[in-house]
Protein chains: 2
Amino acid sequence: MRPTVYDIAAAAGVSLATVDRVLNRRPGVRLVTREKVEAAIRDIGYVRDVAAANLAKGRIYPLVFILPTGDNSFMHGLYAEVRQAMTRSTFDRTEIRIVEVPAFDAPALVAALDALQGLDLAGVALVATDAPEVRAAVDRLVTAGIPVVTLVSDLTGSTRHHYAGVDNIGAGRTAARLLGRFLGGCKGDITILAGSMLVRDHRERLEGFSSVMAAEFPQLRLLPVLEGRDDPEIANGLISEALSGSNSIIGIYSLGAGNRGLLKALKETGQGRELTVVVHELTEHTRAALQDGTIDAVLNQDAGHEVRSAIRVMKATADGQEVIAGQERIRLDIFLKDNLP
Amino acid sequence: MRPTVYDIAAAAGVSLATVDRVLNRRPGVRLVTREKVEAAIRDIGYVRDVAAANLAKGRIYPLVFILPTGDNSFMHGLYAEVRQAMTRSTFDRTEIRIVEVPAFDAPALVAALDALQGLDLAGVALVATDAPEVRAAVDRLVTAGIPVVTLVSDLTGSTRHHYAGVDNIGAGRTAARLLGRFLGGCKGDITILAGSMLVRDHRERLEGFSSVMAAEFPQLRLLPVLEGRDDPEIANGLISEALSGSNSIIGIYSLGAGNRGLLKALKETGQGRELTVVVHELTEHTRAALQDGTIDAVLNQDAGHEVRSAIRVMKATADGQEVIAGQERIRLDIFLKDNLP
DNA sequence: AAATTCTTGATTTACGTACATCAGAATTCG
DNA sequence: CGAATTCTGATGTACGTAAATCAAGAATTT
């Protein structure tokens with residue numbers, strides 16, 4: 001049988017009330033007594049029954065997700081997953097609020113973060129835009145004692161408690177190797193389509209991609225990065241233009257969202273050309289394109305896992321609990337047409 | 001506020017005791033009264049607070065994992081993950097027992113399953129050996145009301161509640177495409193190393209592999225399957241022999257465990273040859289081989305996820321609860337040297 | 001109509017923890 | 001040393017549910 005507060009009281013030779021004061025950091029306990037109780041807790045290996053504690057407290061976890069607006073499937077999927085999580089809130093005692101901010105807009109993100117100051121929150125999850133002022137705003141929340149988790153795009157250098165997203169440098173490197181090996185020994189140019197160099201995830205993917213390309217596939221030349229702002233229209237224009245302007249393009253790496261535009265350009269301008277294409281984010285569009293052979297591989301992060309993981313981590317952090325590291329690692333999914341879910 | 005049993009009682013115009021009798025399927029309630037209570041439950045949208053119920057019941061979930069013995073890293077990893085889960089049992093109210101059976105031995109597995117009859121279990125997880133008598137034994141457990149989950153290798157046609165493992169046909173197809181595309185247009189022979197055709201997962205991987213190879217890479221010829229029984233020694237012998245006997249082998253697909261032997265053969269007999277190799281299961285050995293370029297891709301199933309998922313599903317099934325489907329899908333991991341965790 | 005069984009209500013205890021109150025003890029201060 | 005202060009103990013209630021007991025009313029059988 002698992003030890004209870006009564007066992008601590010007996011072991012430490014104090015009353016239940018004193019044990020309670022120690023456990024919940026309430027005042028009114030002499031240092032020597034406190035140490036006696038803490039020793040007893042360690043000795044008998046007591047662990048608080050969180051379920052019972054939450055029941056007694058009537059605790060709920062108020063959480064906030066700060067998500068960028070954006071008309072691309074990945075963001076739609078992310079919203080959907082957070083809403084999915086909301087439907088489960090009665091079960092896991094959460095109360096989730098979504099705050100929308102314009103994409104790639106650091107000041108707006110800072111304003112949203114600062115607006116949360118003073119609220120009694122069990123955690124904040126945000127898709128970070130990488131800027132010093134955002135970092136500072138995050139640090140302010142952390143200092144105020146609120147668990148903060150970055151989602152999809154990280155904010156290194158900040159004091160955020162956790163990052164729920166993939167290793168984007170690794171993702172870029174993986175994309176490079178897939179593209180390089182799928183192209184065999186062919187020689188030619190590679191076009192890269194990004195969303196914005198303002199977000200860390202895109203920068204990191206590019207960094208990983210470029211380094212493997214340079215080191216291991218010197219016969220492939222990287223063209224200057226196109227920034228499509230994760231917008232289908234812009235992406236379509238950029239890729240169409242690039243393809244019409246050059247015949248030496250043999251591969252494309254799309255490391256952001258807004259692939260609907262890329263696919264349109266491929267179907268129209270890219271018609272009849274032998275292109276090897278690797279993109280990020282599995283959506284209904286990229287899935288269809290993978291199946292019909294328009295693209296060759298999709299790298300993906302599972303938004304559902306990211307959201308659920310973020311929630312678990314925020315709750316655990318709020319309770320000062322451990323998390324299962326392996327369970328919270330967000331993996332890079334590689335989809336070929338054969339292993340689509 | 002979430003409705004409680006008191007609210008049901010008030011809404012249905014009955015006492016708490018009657019509500020309890022209905023909720024816990026205790027006898028002594030007239031049909032009309034039962035229906036009145038059930039209607040009230042639906043109307044006010046009551047959902048039982050499982051945490052509180054478990055607290056009141058002092059419920060623990062006695063679970064059994066039936067695992068095959070076997071001296072290969074994947075099985076060692078699986079055992080380790082189950083033991084990991086055991087260390088968390090006080091937290092999630094489980095009580096896990098491991099039962100070992102010889103690998104690929106249907107009668108032994110049947111005996112182990114039948115030995116569980118009559119025990120008060122909240123769930124049984126097993127790595128299935130695909131045989132009619134095993135199916136029957138599983139069905140007997142299910143009929144007895146015990147939740148049964150297959151792990152790693154499935155048992156289709158049985159009434160098991162859930163399969164916690166990857167889509168092995170998809171895995172085989174994926175391996176074929178990776179191998180095929182990595183080999184460019186080269187012509188040559190492919191050697192396949194399996195564990196045993198007695199387990200469904202190996203058969204399915206082979207099936208998926210063969211079909212994609214035949215359909216899309218006709219220039220590659222598949223040699224007869226070698227069965228290494230997931231044993232490093234046997235695998236080493238088989239692969240060494242194959243490599244010495246033929247110069248036209250350009251690719252290897254190892255779809256089982258026991259890769260330590262394969263790697264040894266590659267290092268010794270395969271020295272200096274240009275081989276493209278795709279294997280299953282990420283272990284310290286395959287990881288090192290991936291990093292030093294001996295092999296080109298590793299397909300993996302995360303044993304930790306499988307074990308945790310199996311536990312979640314068994315608990316939910318025992319409680320008659322829903323599971324989050326997306327969370328319980330075990331994904332096929334594809335590792336290149338760039339995205340190793 | 002009496003005896004029996006079946007239903008239902010009322011009430012209590014329990015699970016492990018949180019939290020509040022009040023009285024009494026120990027300690028510190030003047 | 002006594003008074004003021006700080007600790008500590010004892011106790012009760014609550015959270016949402018489970019489960020048991022006993023009494024009483026309703027329905028059924030004889």
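Begin with both chains of this predicted model and superpose them: a turn of 180° with a shift of 0.0 Å along the axis lays chain A on chain B with an RMSD of 0.1 Å. That relation is the one given by a two-fold axis. Next, display the interface. Of the interface residues of chain A, 100% are also interface residues in chain B, so the copies meet through the same surface.

Now select chain A alone. Its C-alpha trace spans about 85 × 40 × 35 Å along the principal axes. Colouring by secondary structure shows 15 helices and 12 strands. Of the 341 residues in chain A, 48% are buried. Among contacts in chain A with a separation of 6 or more, 72% join residues 24 or more positions apart.

Move to chain B and select residues 132-143, which form helix α8. At 1.5 Å a residue, these 12 residues should span 16 Å, and the end C-alpha atoms are indeed 16 Å apart, which agrees.

Which residues of α8(B) are buried? Select B:Val134, B:Ala137, B:Val138 and B:Leu141. Looking down the helix axis, one finds the buried residues of α8(B) within an arc of 100°, so they line one face of the helix. An α-helix has 3.6 residues a turn, so residues three or four places apart point the same way.

Then add the neighbours: the buried residues of α8(B) pack against α7 (106-114), β3 (123-126) and β4 (148-151) of chain B. On the face turned away from the buried side, select the exposed residues B:Pro132 and B:Thr143.

Finally, select B:Gly145, which follows α8(B) and has a positive phi, near 90°.

Methods
Residues numbered from 1 in each chain as written. Chains lettered and ligands numbered in written order. Predicted model: local features only at pLDDT ≥ 70, side-chain atom pairs only at ≥ 80, totals over all residues. Least-squares fit on C-alpha atoms with pLDDT ≥ 70 in both. Contact = placed C-beta atoms within 7 Å. Helix = DSSP H or I, 4+ residues; strand = E, 2+ residues; numbered from the N terminus. Buried ≥ 20, exposed ≤ 12 C-beta atoms within 10 Å, placed from the backbone. Expected span 1.5 Å × (residues − 1). Arc of directions from axis to C-beta.
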